[in-house]
Amino acid sequence: MFGWLCRKKVNMETSSEEKSLEQLWSNKYPRAKIVYKSRSLPFSSTLISVPVNVLITPTDPFIIEDLQKWQLYQNGEDPETLVPKIYKKILEQYYKYKLDEAVWGKNEVWEMPFEMRAKGFGQGFDCDSWGGFQASYYISAGVPSWRVRCVAGDTSLGGHLTVYVFSMK
């Protein structure tokens with residue numbers, strides 16, 4: 001099953017053209033509730049279902065601090081040029097791909113950005129954690145949330161998540 005998730009609206013004035021694009025993009029594919037059932041509460045072995053949209057944390061103060069340091073925090077820049085700048089910064093500073101099996105000894109672990117930070121970026125993370133991390137930065141920087149899509153689904157190799165950003169070009 002494939003679906004997309006989006007978390008938070010950013011307060012921005014939008015043109016009628018952008019509102020039309022938002023409606024088109026938001027209704028083009030059916031929405032799906034995506035849950036990740038591989039977490040347990042502390043001191044419990046019972047697995048719980050976690051809605052994966054909670055993995056997107058645009059109000060994370062560490063993310064905001066990074067964006068401010070890089071002068072990319074809600075600066076009004078066009079998403080067409082802003083997104084590649086953010087991607088380059090987080091790729092250079094944080095990216096280290098490693099399968100969850102190698103890091104956690106489990107097939108799938110979807111980490112929140114604060115968990116990635118607490119664990120240490122040097123230990124690595126895979127596509128689902130990286131996708132939520134990217135989306136958090138883009139939305140926090142001011143990219144309208146309707147433009148940011150995390151698409152998740154099953155593949156022949158297991159679960160996968162990737163991020164798409166709507167482009168006007």
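Trainee: Before we start, under what relative accessible area is a residue called buried?

Mentor: Glad you asked, since burial will come up often. In this predicted model, a residue over 50% counts as exposed, and one in between as partly exposed. Buried means a relative accessible area under 20%.

Trainee: What share of the residues in the protein is buried?

Mentor: The protein has 169 residues, and the buried ones are given as a fraction of that number. With the cut-off for burial set at under 20% relative accessible area, the share of buried residues comes to 46%.

Trainee: What is the radius of gyration of the protein, and what would a compact globule have?

Mentor: Along the principal axes, the C-alpha trace spans about 50 × 35 × 30 Å. For 169 residues, a compact globule would come out near 15 Å, and the protein agrees with that expectation. The radius of gyration of the protein is 16 Å.

Trainee: How much area does the protein expose, and what part of it do carbon and sulfur atoms supply?

Mentor: The exposed area of the protein is about 9,800 Å². The part of it that carbon and sulfur atoms supply is 55%.

Trainee: In what order do the elements run from the N terminus on?

Mentor: Happy to lay that out. The protein has six helices and five strands. Read from the N terminus, the order is β-α-β-β-α-α-α-α-α-β-β.

Trainee: Of the contacts with a separation of 6 or more, what share links residues 24 or more positions apart?

Mentor: Here we leave out pairs with a separation below 6 and ask how many of the remaining contacts join residues 24 or more positions apart. That share is 64%.

Trainee: Which residue in the turn between strand 2 and strand 3 has a positive phi?

Mentor: Strand 2 (residues 35-40) and strand 3 (residues 47-51) run antiparallel and are joined by five bridges. One of the partnerships puts S40 with L47 in strand 3. The two strands form a hairpin with six residues between them, and the turn residue with a positive phi, about 65°, is F43.

Trainee: Which residue stands opposite C150 in strand 5?

Mentor: Strand 4 (residues 148-155) pairs with strand 5 (residues 158-165) in the antiparallel sense, over eight bridges. A hairpin of two residues connects strand 4 to strand 5. Opposite C150, in strand 5, stands V163.

Trainee: How do the rings of F125 and W130 pair: stacked or edge-to-face?

Mentor: A search of the whole structure gives twelve aromatic pairs. F125 and W130 form one of them, with 5.6 Å centre to centre and 15° between the planes. Planes under 30 degrees apart count as stacked, so the label for F125 and W130 is stacked.

Trainee: Are F125 and W130 buried or exposed, and which residues share their aromatic cluster?

Mentor: Both F125 and W130 are buried. They belong to one aromatic cluster, whose other members are W70, Y87, Y94, Y95, F121, F133 and Y137.

Trainee: Which parts of the chain does the salt bridge between R117 and D60 tie together?

Mentor: The structure holds four salt bridges. In the one between R117 and D60, the closest N and O atoms are 3.4 Å apart. The two residues are 57 apart in sequence, so the pair ties helix 5 (residues 113-119) to the loop between strand 3 and helix 2.

Trainee: Why does R117 count as partly exposed while D60 counts as buried?

Mentor: The cut-off for burial is under 20% relative accessible area. R117 is partly exposed because its relative accessibility is 21%. D60 is buried because its relative accessible area is 9%.

Trainee: Where do K69 and D66 lie, and which of the two is buried?

Mentor: K69 and D66 form a salt bridge, the closest N and O atoms being 3.6 Å apart. Both lie in helix 2, three residues apart, about one turn of the helix. K69 counts as exposed at 54% relative accessibility, whereas the buried one, at 5%, is D66.

Trainee: Which residue forms a salt bridge with E111?

Mentor: E111 counts as buried at 1% relative accessibility. Its partner is buried too, with a relative accessible area of 14%. The closest N and O atoms of the pair are 3.0 Å apart, and the partner of E111 is K119.

How values were computed:
Residues are numbered from 1 along each chain as its sequence is written. This is a predicted model: local features need pLDDT of at least 70, side-chain atom pairs count only at pLDDT 80 or more; totals for chains, interfaces and linings use all residues. Side-chain values use heavy atoms; hydrogens and water are left out. Two strands pair if DSSP finds at least two bridges between them. Helices (H or I, at least four residues) and strands (E, at least two) are DSSP runs, numbered from the N terminus. Rings of Phe, Tyr and Trp (its six-membered ring) pair if their centres lie within 6.5 Å; planes under 30 degrees apart count as stacked, over 60 as edge-to-face and the rest as tilted. Buried means under 20% relative accessible area, exposed over 50%, partly exposed in between (1.4 Å probe, protein chains only). The radius of gyration is taken over C-alpha atoms; the globule rule is 2.2 Å times the number of residues to the power 0.38. Contact means heavy atoms within 4.5 Å. Accessible areas come from the Shrake-Rupley method with a 1.4 Å probe; for residues, only the protein chains shown count as cover. A salt bridge is a side-chain nitrogen of Lys or Arg within 4 Å of a carboxyl oxygen of Asp or Glu.
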